[in-house]
Amino acid sequence: MPSMYCPLCGPFRIHFDVMRTEASANLKKLLEIEKRLFLSTDDLKTQHAKSLQGSLNASKDLQKEFATIEKKKEELADYLCEDRKKLSLEDLFSTMTTFRELFLKALQVENQERKEQVVKSEKRKKQLKGEDAKRLKGEYGKSGTLNKN
């Protein structure tokens, strides 16, 4: 498995609570801008209403995604028998990343040991074949010399 493919390597560095707080603050600012735009001239409304509405929709969708993530986090906390309030996604991702790294390292060591074992096994088979061939040669050689006497 390439080290480039690590879906857990980056996410634990991003603090979920910080992102959620910033997104909430941005949504509040957009709602304030919407109120100001409502009170402004028709020219400004037509100029900015569409882009503001798009930003508001995107921000609200983001809030829904945060709520979904929070729900999944609570389900995960229940599954892992952890306290819902204390479970940190950052710590969880960090732990999972560490586990993944240790698992891959152990897998590499195991694969290397298995390869070495196969090499030793092949070497032993060749050695046994050689010994069998010598023994058979010796038996035939002795029986051949016995027949001549």
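**Notebook: a predicted three-helix model**

I began with the weakest stretch: over residues 144–149 pLDDT stays under 50, and the model has zero contacts there beyond four places in sequence. The model is a predicted one, and I therefore read residues 144–149 with reserve, since pLDDT expresses the predictor's confidence in each residue.

**Confidence elsewhere.** I looked up the mean pLDDT of the protein and found 85, with 83% of the residues reaching 70 or more. I then went through the elements: helix H2 (residues 42–79) has the highest mean pLDDT, 93, and helix H3 (residues 89–148) the lowest, 84.

**Architecture.** I counted three helices and zero strands. Read from the N terminus, the order of elements is α-α-α. I also looked up the contacts between residues at least 6 apart in sequence, and 63% of these join residues at least 24 apart.

**Burial and surface.** I noted that the protein has 149 residues, of which buried residues make up 15%. The exposed area comes to about 12,700 Å², and carbon and sulfur atoms supply 58% of it.

**Aromatic pairs.** How many aromatic pairs does the protein hold? I recorded two.

I took Phe16 and Phe66 as one entry: their rings are edge-to-face, 5.5 Å centre to centre, with 70 degrees between the planes. This pair links distant parts of the chain, as Phe16 belongs to helix H1 (residues 16–39) and Phe66 to helix H2, 50 residues apart. Are Phe16 and Phe66 buried or exposed? I found both Phe16 and Phe66 buried.

I entered Phe99 and Phe103 next: this pair is stacked, at 6.0 Å centre to centre and 25 degrees between the planes. The angle of 25 degrees qualifies as stacked because the cut-off for that class is under 30 degrees. Phe99 and Phe103 are four residues apart in helix H3, so about one helical turn separates them.

I checked the accessibility of each ring-bearing residue in this pair. Phe99 has a relative accessible area of 56% and is exposed. Phe103, at 48%, is partly exposed. The two residues fall into separate classes because exposed requires over 50%.

**Charge over a ring.** Where does the charged end of Lys45 sit? I located it over the ring of Phe38, 5.1 Å from the ring centre.

**Summary entry.** I close with the two aromatic pairs set side by side: Phe16 and Phe66 are edge-to-face and both buried, whereas Phe99 and Phe103 are stacked, with Phe99 exposed and Phe103 partly exposed.

Definitions and conventions
Residues numbered from 1 in each chain as written. Predicted model: local features only at pLDDT ≥ 70, side-chain atom pairs only at ≥ 80, totals over all residues. Heavy atoms only, no water. pLDDT = per-residue confidence, 0-100. Helix = DSSP H or I, 4+ residues; strand = E, 2+ residues; numbered from the N terminus. Contact = heavy atoms within 4.5 Å. Phe/Tyr/Trp six-rings, centres within 6.5 Å; stacked < 30°, edge-to-face > 60°. Buried < 20%, exposed > 50% of the residue type's maximum accessible area, 1.4 Å probe, protein only. Lys NZ or Arg CZ within 6 Å of the ring centre and 35° of its normal. Areas by Shrake-Rupley, 256 points an atom, 1.4 Å probe, with all protein chains shown as cover.
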